[in-house]
Amino acid sequence: MTNKRHHVYTRRNILRGIGAGGLLLLPFVRNRSSMAQTATPAGNLLIFFTPNGFIKSRDGMPAFDASGTTGASFVLGPSLAALESQKADITVLRGMTNKVCTTNNSHDDIVRITTCWQGPDKGLAYGPSVDNVIGDAIGQLPMYVNPEPNRDSAHWRNSISWRGAQGQAPSQYPFLKDPGAVYTNLFGNGVGTGAPAMPDQALERAKARNQTLLDFVNDDIQTFRARINNEDKAHLDLYLDSLQAVGQRVISGPTTTGAGGGVCAPDTVQARIAGLPVTPVQNDDKSPPGLAADLQANGEVLVDLLAAGFACGTQRVSTILWQGASEGLDPFKDTGSPDHHSVSHSSDLDTWTGIDRWYVDRFAYTLNSLRTVGMLDKTIVVWLTEIAQGHETGDYVWILAGGQSLGFKTGQRVEYPFMGNPGDKAALADPANRPIGDLWVTVQQAMGIQSNTFGDPQWCTGPLTEIRTA
């Protein structure tokens, strides 16, 4: 029997009545037709982890949260103020629940939040994490980085990225901390940085051609869009971006457009690596004071390298862990690890809020880095932490960003009301509370994996339609 989608994707059906635009669209049709049976993921995923939860509210008012839903009613809490200029690119997501938490229902659930499988050992995952599920689908090992200061070896505190199938013994693969090693992994011996300069008149003609070519066939493109589904519209947008990038590559001089569709200039980031501070090695969960600037400098270079990897098309899935669960330096007062964890158990809400804001600045930097290389709308960014404010694993506030080309809706706050006390494991299992697995279902579908479950299927109810166009 002919597959229905494959039948639709024939030149006769999909390009009928389309004029000159068909010449540009034909390669896209051929490519998508060949993927009728097995969809290939599009775009990128970046998981951004910081430890020890956030102060969701203070004095009955949002802090690391927002009020309203969309538009003028969508108001960020003061802890998120650094994201105000980028509010249109984020979703504040509240109420997700870890249905497979450990007995402790606390920090050690870092091993569960990206895998969504239960198991007896708090230090082991019992299934692959979402970055590895997507990486396997596209045939690429995800890149997992930890900016210094950080542990030198795997531990449950940094166990967020796992390759192993259910029941395997420690399956976490090595992470990278050295920006030089990250550069080598992403770019090998480097990526060329440009084409020769063009004479002024030729440059102007190239600009004019680049501006008018897609405009000339715009009616054909819109006719074509009306005949395809939302998943393929996302792929079409990426394809059209790449066409436009070809012209831009010619006219933009010393920078190139990479296979990822963004500005591919990793050498500018590589040049900063030599100037990074020499950071002391972290001893277990202990690090000395005075290293907040090191963490920022090392982390921002790693962020820029990951963004360059997306833009150049050398990497599609990455995870960055800024500090480990139940540890972490205090970057607000610039004291050492595990002071961040200690503050999260104290009544010092001012310091905890200051730490939250420091990491919000790092997240804002990350979004700007992706935007600068033209990759924010093509990259799903998920900022998560292992616990909520009360050291439990329900009623989280997490931040999503980007991914508009992959159907993600931004500029909003979405809340799934939490029923019961999140410190009660029975409440976590309540079917009324929305499972984390549904978020990862939504992410993997955006990346082309058409499954309605992630992790343990019994704890999935389907994609989050509020955050992504079906």
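**Close-up 1. Asp 89 and its salt-bridge partner, Arg 371.** In this predicted model, Asp 89 counts as buried, with a relative accessibility of 18%. Its partner in a salt bridge is Arg 371, and the closest N and O atoms of the two are 2.6 Å apart. Arg 371 lies in helix α12, whereas Asp 89 belongs to the loop between β5 (75-76) and β6, so the pair ties together parts of the chain that are 282 residues apart in sequence. Unlike the buried Asp 89, Arg 371 is partly exposed, its relative accessible area being 33%.

**Close-up 2. The open sheet and its edges.** Seven strands form an open sheet with mixed pairing, and their order across the sheet is β7-β10-β1-β11-β12-β6-β13. The edges are taken by β7 (143-145) and β13 (412-415), each of which has a single partner strand, so one side of each is left without a neighbour in the sheet. On average, and with direction ignored, neighbouring strands of this sheet are turned by 15 degrees against each other.

**Close-up 3. Strands β1 and β11, with helix α12 packed on the sheet.** Strand β1 (residues 44-49) and strand β11 (residues 379-384) run parallel and are joined by six bridges. Within this pairing, Leu 46 has Val 381 in β11 as its bridge partner. Helix α12 (residues 349-372) packs on the sheet, where it touches β1, β6 (90-96), β11 and β12 (396-402), and the direction of the helix makes about 175 degrees with that of β11.

**Close-up 4. Two further salt bridges, Lys 333 with Asp 348 and Lys 378 with Asp 377.** The structure holds 19 salt bridges, and one of them brings together the side chains of Lys 333 and Asp 348, at 3.6 Å from N to O. This pair links distant parts of the chain, 15 residues apart, with Lys 333 in the loop between β10 (317-321) and α11 (339-344) and Asp 348 in the loop between α11 and α12. Asp 348 counts as partly exposed, at 28% relative accessibility. In the other pair, the side chains of Lys 378 and Asp 377 meet at 3.4 Å, again from N to O. Here Lys 378 is buried, with a relative accessibility of 6%, while Asp 377 is partly exposed at 26%.

**Close-up 5. A network of charged side chains.** Salt bridges link Lys 56, Asp 65, Arg 94, Asp 395, Arg 413 and Glu 415 in a network. Arg 413 and Glu 415 fall within β13 (412-415), a strand that stands at an edge of the sheet, and Arg 94 falls within β6 (90-96).

**Close-up 6. The cavity and its lining.** A search of the whole structure finds one cavity of 30 Å³ or more, and the volume of the largest cavity is about 50 Å³. The residues that line the largest cavity include Thr 97, Asn 98, Lys 99, Val 100 and Cys 116. Further along the chain, Pro 435, Ile 436, Gly 437, Phe 454, Asp 456 and Trp 459 also take part in this lining.

**Close-up 7. Thr 256 in strand β8.** Thr 256 lies in strand β8, which covers residues 256-257, and this threonine is buried, with a relative accessible area of 9%. Between the C-alpha atoms of Thr 256 and Ala 311 the separation is 9.8 Å, although the two residues are 55 residues apart along the chain.

Technical notes: Residues numbered from 1 in each chain as written. Predicted model: local features only at pLDDT ≥ 70, side-chain atom pairs only at ≥ 80, totals over all residues. Heavy atoms only, no water. Pairing = 2+ DSSP bridges. Helix = DSSP H or I, 4+ residues; strand = E, 2+ residues; numbered from the N terminus. Axes fitted to C-alpha atoms, helices over the stretch in contact; angles between N-to-C directions. Contact = heavy atoms within 4.5 Å. Salt bridge = Lys/Arg side-chain N within 4 Å of Asp/Glu carboxyl O. Buried < 20%, exposed > 50% of the residue type's maximum accessible area, 1.4 Å probe, protein only. 1 Å grid on protein atoms, 1.4 Å probe; cavity = no way out; pocket = protein on both sides within 12 Å on 5 of 7 lines; lining within 4 Å. Points joined across faces, edges and corners; volume = space filled by probe spheres on them.
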